[in-house]
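Welcome! Please take a moment to look over the sequence and the fold below, and then let us walk through one part of it together.

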Amino acid sequence: MNRIQEAIRQSITSKEALLSDKAFIAHIQQAADMIIDSLRNGGKIHFCGNGGSAADAQHLAAELSGRFYFDRPPLNAEALHCNTSYLTAVGNDYGYDQVFARLLRGTGHKGDVLVGISTSGNSKNILQAYEVCREKGIMIISLTGSTGGKMKDMSDLLLNVPSTDTPRIQECHIMIGHIICELVETALFGEYKPRA
């Protein structure tokens, strides 16, 4: 029982650190504004990550392209790893480092946004995708752990959770992502009003 309670405390502590950081809160709003501006101008929101971060990328893309709090038109958002035939072919033929970059080269356009998710901030395939973003004028939002890793210097906006503990970082990432989805949905379609 002690380890269960400690894990919950650690998760709360990580989130309290974000709650008390006014600059971080402002960066969350900036991330939402970047996505809102892109969508309003016909852009697409791309997400990428590996492992648990791939699951978060897919989860957040689905919140935008499906629905979050209420029924409304779908938003143009997709996780770059969802086509397994593509992923395995490109991984085999070009190398796993190219799986996101190659797809972005074909589907990304100036004014789009890429949300890269990596607890270390050093995922090679995300860094390769960032190179394509720079070539094509795609804005980059990074969700990372405390240092930001190599992604820090390539990002237009860095959301680096102040932790080095992978599960706690990922728990903060999905919370941040949900907040961004709510802000985007509200800005584009009006505030959700739950039934009394």
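What follows is a short tour of one strand, its partners and a loop residue.

This is a predicted model, in which local features need pLDDT of at least 70 and side-chain atom pairs count only at pLDDT 80 or more, while totals for chains, interfaces and linings use all residues. Residues are numbered from 1 along each chain as its sequence is written, and side-chain values use heavy atoms, with hydrogens and water left out.

Let us start at strand β1, residues 45-49. Helices (H or I, at least four residues) and strands (E, at least two) are DSSP runs, numbered from the N terminus. Because 5 of the 5 residues of β1 are buried, this strand is largely enclosed by the rest of the structure; buried means under 20% relative accessible area, exposed over 50%, and partly exposed in between, with a 1.4 Å probe and protein chains only. In a regular strand the side chains alternate between the two faces of the sheet. Here, I45, F47 and G49 point one way, and H46 and C48 point the other way.

Which strands does β1 pair with? Pairing requires that DSSP finds at least two bridges between two strands. With β2 (residues 77-79), β1 pairs in the parallel sense over 3 bridges, and F47 has A79 as its bridge partner there. Strand β3 (residues 113-117) also runs parallel to β1, joined by 5 bridges, and G116 in β3 is the bridge partner of C48.

Finally, find S123 in the loop between β3 and α6 (124-136). S123 is buried, with a relative accessible area of 15%. Leaving aside neighbours within four places in sequence, S123 is in contact (heavy atoms within 4.5 Å) with N50 and S118.
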